[in-house]
Amino acid sequence: MKILPVSFLRIRVAGLVLSALTIAFAGCKSAGEKKHVEEGRELAKVYCTNCHQLPDPGLLNKATWRDAVLPAMAEKLGIEVLEGNMYLHSKSSALSSPDWQKILAFYETLAPDSLTQIAQKQPEIMKNGLFSIRKPAEDSAVASTMLVRIDTATHSVFSGAAMEPAIFSYNAKLRKSLLSKLASPPVDMHIPAEKGALNLLTCMGGMSASDETKGQVILLEKHPGPKLQFLSKGLIRPIETRPIDSNRDGLTDYTICAFGHNQGGLYLLKQLSDGNFTKQVIREMPGATYTNIRDINNDGWPDIVALFAHGDEGIWLFTNDRKGGFTEKNILRFPPVFGSSSFQLADVNQDGLEDIIYTAGDNSDYSRILKPYHGLYIFTNTGNFTFKQTFFYPINGCTKAIAADFDKDGKLDIATIAFFADLKNKSFEKFLIFSQDQKSGVFTPKRLPVDQLGRWICMDAADWDSDGDIDIALGNFSRGFLNQDRVQPDWNTRLPFIILENISVANIPR
């Protein structure tokens, strides 16, 4: 399949938005109405950008702005929303009723009636036999997997369930054993490379969007039997924890992404000499999602690159100031409706500089419609940690991407999952493999026949069977979150996960 160049896609999407705005604006009945809309634009620049990048009206359709997003934003501005989208202002409201009506006019007038999806052909099925599908036994309950993690040292898979929260281990034959019941859903596990180090488990506290302090970070002791050692409790929806020696004192500290709802942020659990921890704010803004820890400026001190979603979306660099803190710099920023869902630093084009692989596709907020800008992006490092978008492939509801050399040809490939795929028309979007051709930067998507085996919300990639290539684990969550009308599961809802066992090495002639 030929991939449209990113420049064409960017121009096409921008053109669609511009056309919609031009037609809508021409429909204004009077110069007074045009003035009303322009004043709304200026007011939106003032009030909306206090929290995030100004979203263009063309990013959503009229109905979604009117019935979902704008009422939610009104509440954040101290405006009470009554039944039927009636707004009640008070002395505590951030702006007057006439000014709020101008902002409404700006979005409702210039937004299109519907979003135009980017046309794409169904990718071809991967025919080279790169993966063999391995399945554990089905569970009696509907799958609610929120975590899959491959442990290469023990050839096992960790899996975590949201309903009746627990952490399980599956051995090399995919036989299941319960490690421990948990107080809340496990969503992330870090398995350290150091021998004897404890696995790091993050439990988010609850599935619903809230600021309740129920999240936990747990050290999981495996021997002589599973034992939970609580590192921190009372966190606001933590979804990732990573070790870091932030001040180079030889004691392990931890970064915590607390996604939250109206609260949350990126925090540092700094270890003290007595073994206790103190929490330090790195950036207090809800939506902290993923971190990559690197020595970006080669000064010998660990820096942090972090993705924020949910509102003020983007990627930030936190440079270690070598004094116990970090200096913040925004690298990439996205509109608040993008649904930023994952990122990874990887040298895609083999020029010695790490690029950014980014996905947009979280669709469980206020605007639950298919969006043509959801998908897989690559931002190429142009030096001095600056980035330029060089690739985009549309994938509705894209959830995560992992780059690895799956076919052992010396170039990175990319695996993607999409929990909020177009389940009605494009179920193949749920899992794709992008093979990088010999010409760096040219990616061809391929699909595998796994659509009917589950709906993938989480993914991990590592050498599960120790044969020298990278395998993939896909976690199945089949309990609700069906945004599209008249869609019911047509996949296996009882499999907790599957393993795509890579057999590329076995296929190489010896």
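**Buried charges, paired strands and two cores**

At 11% relative accessibility, Arg 149 counts as buried in this predicted model, and the predicted nature of the coordinates applies to everything that follows. Asp 460 likewise counts as buried, with a relative accessibility of 11%. These two residues form a salt bridge in which the closest N and O atoms are 3.7 Å apart. Since Arg 149 belongs to strand S5 (residues 145-151) and Asp 460 to strand S29 (residues 456-462), the pair ties together parts that are 311 residues apart in sequence. The pair does not stand alone, for Arg 149, Asp 188, Glu 240, Arg 242 and Asp 460 are linked in a network of salt bridges.

From this network one can pass to Ile 239, which has its place in strand S13 (residues 238-244). Asp 188, a member of the network, is among the residues that Ile 239 touches, together with Val 187, Thr 202, Met 204, Cys 257, Phe 259, Ala 288 and Thr 289, when residues up to four places away in sequence are not counted. The C-alpha atoms of Ile 239 and Thr 202 are separated by 6.2 Å, although the two residues lie 37 residues apart along the chain.

The largest nonpolar core has 45 residues, and within it Trp 100, Ile 356 and Tyr 358 touch the most other members. Helix H4 supplies the largest share of this core, namely seven residues. A second, separate core of 22 residues includes Ile 239 along with Val 187, Ala 288 and Phe 477. In soluble globular proteins, nonpolar side chains tend to be buried together.

Helix H4 itself (residues 97-110) has 14 residues, which at 1.5 Å a residue should span 20 Å, and its end C-alpha atoms are indeed 20 Å apart, in agreement with that expectation. Its buried residues are Trp 100, Lys 102, Ile 103, Leu 104, Ala 105, Phe 106, Tyr 107 and Leu 110.

Ile 356, another of the residues that touch the most members of the largest core, has contacts with Ile 315, Ile 331, Leu 332, Phe 343, Gln 344, Leu 345, Tyr 377, Ile 378, Phe 379 and Phe 387, not counting residues up to four places away in sequence. Strand S22 (residues 355-360) runs antiparallel to strand S21, to which it is joined by six bridges, and Ser 342 has Thr 359 in S22 as its bridge partner. Strand S21 (residues 340-346) is mostly covered, seven of its seven residues being buried.

A further set of paired strands centres on strand S28 (residues 443-447), which is largely enclosed by the rest of the structure, because four of its five residues are buried. S28 pairs with S27 in the antiparallel sense over five bridges, whereas two bridges join it to strand S3 (residues 124-125) in the parallel sense. Arg 447 of S28 is the bridge partner of Leu 432 and also that of Ile 125.

The loop between strand S26 (413-418) and strand S27 (431-436) holds Lys 426. What is the nearest side chain of opposite charge to this buried lysine? It is Glu 429, at 4.7 Å, and Lys 426 has no salt bridge; a salt bridge requires the nitrogen and a carboxyl oxygen to be within 4 Å, so that distance falls outside the cut-off. Leaving aside neighbours within four places in sequence, Lys 426 is in contact with Ile 118, Gln 120, Asn 396 and Ala 421.

Across the whole structure, a search finds 19 salt bridges. One of them joins the side chains of Glu 501 and Arg 134 at 3.2 Å, N to O. Glu 501 lies in strand S31 (residues 497-502) and Arg 134 in strand S4 (residues 131-134), so this pair ties together parts that are 367 residues apart in sequence. Glu 501 is buried, with a relative accessible area of 15%, while Arg 134 counts as partly exposed at 28% relative accessibility.

A local example is the salt bridge between Lys 35 and Glu 39, at 2.4 Å, N to O; both residues lie in helix H2 (residues 31-47), four residues apart, or about one turn of the helix. An α-helix has 3.6 residues a turn, so residues three or four places apart point the same way. Lys 35 is exposed, with a relative accessible area of 52%, and Glu 39 is partly exposed, with 26%.

Notes
Residues numbered from 1 in each chain as written. Predicted model: local features only at pLDDT ≥ 70, side-chain atom pairs only at ≥ 80, totals over all residues. Heavy atoms only, no water. Expected span 1.5 Å × (residues − 1). Buried < 20%, exposed > 50% of the residue type's maximum accessible area, 1.4 Å probe, protein only. Lys, Arg positive; Asp, Glu negative; His and termini not counted. Contact = heavy atoms within 4.5 Å. Pairing = 2+ DSSP bridges. Core = buried A, V, L, I, M, F, W, Y, C linked by side-chain atoms within 4.5 Å.
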